[in-house]
Every structure is written in structure tokens, then in C-alpha cells.
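Here are my notes for you, set out as numbered points. Keep the model open while you read, and turn it as you go.

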Amino acid sequence: MTLHIQLYMYHPFLHLSPPRTRITQELKPKGLILRKPQYRTVLEKMAGQDLKLLGSFASPFVLRVKLALSFKGLSYEFLEEKDLHNNKSELLLKSNPVHKKVPVLIHSGNPVCESMIIIQYIDEVFAGVSPSLLPSDPYKRAVARFWAAYIDEKTEEEKAEGMKQSFAVAATLEGALRECSKGKPFFGGDSVGYVDMALGGFVAWVHAIEKLYGLKVFHAAKTPLLAAWLERFCALDAATAVMPDVDKLVELAKMRQAQAAAAAAAAAQGN
């Protein structure tokens, strides 16, 4: 989301992630309801296929992909990049030689890069597995892609403009939720969709920012629809199954702040 977290986060912060680990997610996340025929479809589609996700525990973009995989009920191996700032793995450099960033989904040996492109890929390859993240209607699909692109665009802009931009974007997204949901719980309507994944990647940092600064970006008085969406989304079992620990994000942010302060002090002494 377009939040004031990029001052010391986003890709430069990922070098503070825990050591690289290999984790296999549950095929059927707790609480995710799949009808028996559909569950068999998941098993059939996964047979002979290999999904790996390169990422970092604190990256909101990686979380987007984890959410999509979790809501789809797909099994995958998570490969934690332990030092994206100084020592990127050979697998990452080979899989994403252009941007050299996470997330990267490797499906049967084929890498797919960029979080929202990965989510589209997952939705297309596993089209028979609910929920469908992109609408079937071409116009509604275009609208969903527009708002997902808007979130990414404003994320970049906020790197320069800070919290004032965050609150302005939240107000715009309040209108987007009203337009897309038509009074239903999520951007995708009755179930989560593409824009929910785009914004959902930032919800852990929304809570971390509140703990750090006491600021509510999604304020019940100013953006009631978004505040209610946040509560509903975070209560979903498929979401909680992959959410990073907020306290660890807060610790990471404080560490980055301390590092930035030390670097600024050293630079001042050098002058």
C-alpha cells in the first residue's frame, strides 16, 4: 500500500531477513473451505508440478503472492532470501536477472517475476480453483488492473512525499472500494480478488505503522469502508496463515531507523 514504510523498508530492508529457510505451505490453509470436487482439482493440478517462491518475510510484494497461493489453496516451497541487500542468492540472480528482486515464483523450473504478474499467472494456470482473482468480465478485469496499478504507482510516489500522500491515497481507495465492491465485503465482491491481493500485501505494515507511530492510515471515521475491509481481510484464515509477525516488522523498522541515524551521524562527522 502507499504507506510511509519505504523510508527504511522495501527492497533495501530485506537484507535483515532471517536465514534462508525452506518451508512447505499447507495445501489447504486452515479455514479455507474447498468443496471436495474442487479440492481434488487442486490435487490433480498440483500433480507433477513444482512451485517455489523466492522471497523475504517482510516484503509486502512477496506477501501478495503468498496470499494468492493461500487463497487458492496451492502448495509451494518458500525459499527465504537471507541477504537481498548484500548477498543475493544465485537462484534469484538466475531467475530474475533483470531486476534481481523478489518475489519470483518458479513453476516447474520456469521463473515468473513481479508480484501482480505472478498473481495473474497463478489465476490463469489454476483457473479451475476458486476463488478467481480476476473477474471474467473484460471491463471489470480492466478496472481491477487499473486499481492494482494505482496502488503500485502511488507506492513509488510516496517514497518522496511521505504520510500526507498516504492519507490522500487512502481517501481515493475508499472510493475505489465503493466502486468495485458494490456494497459487498471485498474489492472482488463477495470473495477476495485481484485488488484485494494488491492491497492485502501491505496490511501487516499498516498494523506495524500503527504500533510505531500511533497512526491509522485506514481510519474508521475518515475511510470507514477501508477500515471495515481491513478488519474483514485480516480475519480470513487464508490471510492469517501467511501474515508476517507484526512485532518482528516493528523491530525491523526500528533497526533500520537506528542504522539510518548512525549513517547520518557518521556522514556529518566526516564533513
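Is serine 115 buried or exposed? Serine 115 counts as buried, at 6% relative accessibility. Please bear in mind throughout that this is a predicted model.

1. **Serine 115 and its surroundings.** You will find serine 115 in helix H4. Setting aside the neighbours within four places in sequence, serine 115 is in contact with Phe61, Arg64, Val65 and Pro103. Two of these residues, Arg64 and Pro103, come back below, in the points on salt bridges and cis peptide bonds.

2. **The chain as a whole.** The protein chain has 11 helices and 5 strands. It counts 271 residues, and buried residues make up 50% of them. Among the contacts with a separation of 6 or more, 75% are between residues 24 or more positions apart. The accessible surface comes to about 12,800 Å², and carbon and sulfur atoms account for 55% of that area.

3. **Arginine 64 and aspartate 152.** The structure holds 6 salt bridges, and a good one to look at joins the side chains of aspartate 152 and arginine 64, with N to O at 2.7 Å. This pair links distant parts of the chain: arginine 64 is in helix H2 and aspartate 152 in helix H5 (residues 138-161), 88 residues apart. The two partners can be compared by their accessibility. Arginine 64 is buried because its relative accessible area, 0%, is under the 20% cut-off. Aspartate 152, in turn, is partly exposed at 26%.

4. **Lysine 72 and aspartate 123.** Helix H2 also supplies lysine 72, which forms a salt bridge with aspartate 123; their closest N and O atoms are 3.0 Å apart. Again the pair links distant parts of the chain, with lysine 72 in H2 and aspartate 123 in helix H4 (residues 115-125), 51 residues apart. Lysine 72 is buried, with a relative accessible area of 0%, and aspartate 123 counts as buried at 10%.

5. **Lysine 52 and aspartate 50.** Here the side chains meet in a salt bridge with an N to O distance of 2.5 Å. Aspartate 50 counts as partly exposed, at 33% relative accessibility.

6. **Serine 70 in H2.** Serine 70 is another residue of helix H2, and it is buried, with a relative accessible area of 4%. What does a polar atom of its side chain lie 2.6 Å from? The partner is the backbone oxygen of alanine 238.

7. **Helix H8 and its cover.** H8 spans residues 203-213. Its buried residues are Val203, Ala204, Trp205, Val206, Ala208, Ile209 and Leu212. Their cover includes helix H2 (60-72), helix H7 (194-200), helix H9 (224-235) and helix H11 (246-270). After H8 comes glycine 214, with a positive phi near 70 degrees.

8. **A nonpolar patch.** Tyrosine 213, in H8, is partly exposed, with a relative accessible area of 35%. Together with Phe167 and Leu215, Tyr213 forms a nonpolar patch on the surface, and the three have about 240 Å² of accessible area together.

9. **Valine 169 in H6.** Helix H6 (residues 163-181) holds valine 169, which counts as buried at 1% relative accessibility. Its C-alpha atom is 8.3 Å from that of isoleucine 151, a residue 18 places away along the chain.

10. **Cis peptide bonds.** Which residues does the cis peptide bond with omega of about 5 degrees join? They are valine 102 and proline 103, and proline 103 lies in the loop between helix H3 (90-95) and strand E4 (104-107). The peptide bond from serine 130 to proline 131 is cis too, with omega near 0 degrees. Proline 131 sits in the loop between H4 and H5.

11. **Positive phi outside glycine.** Lysine 100 is not a glycine, yet its phi is positive, about 55 degrees. Its place is in the loop between H3 and E4, and it counts as partly exposed at 35% relative accessibility. Serine 108 also has a positive phi without being a glycine, at about 50 degrees. That residue lies in the loop between E4 and strand E5 (110-113) and is partly exposed, with a relative accessible area of 40%.

Technical notes. Residues are numbered from 1 along each chain as its sequence is written. This is a predicted model: local features need pLDDT of at least 70, side-chain atom pairs count only at pLDDT 80 or more; totals for chains, interfaces and linings use all residues. Side-chain values use heavy atoms; hydrogens and water are left out. Helices (H or I, at least four residues) and strands (E, at least two) are DSSP runs, numbered from the N terminus. Buried means under 20% relative accessible area, exposed over 50%, partly exposed in between (1.4 Å probe, protein chains only). Contact means heavy atoms within 4.5 Å. Accessible areas come from the Shrake-Rupley method with a 1.4 Å probe; for residues, only the protein chains shown count as cover. Patches are made of residues with over 30% relative accessible area and no salt bridge: like charges are joined within 9 Å, nonpolar side chains (Val, Leu, Ile, Met, Phe, Trp, Tyr) within 5 Å. A salt bridge is a side-chain nitrogen of Lys or Arg within 4 Å of a carboxyl oxygen of Asp or Glu. A polar contact is a pair of N or O atoms within 3.5 Å; within protein, one must be able to donate a hydrogen and the other to accept it, and residues adjacent in sequence count only if both atoms are side-chain atoms.
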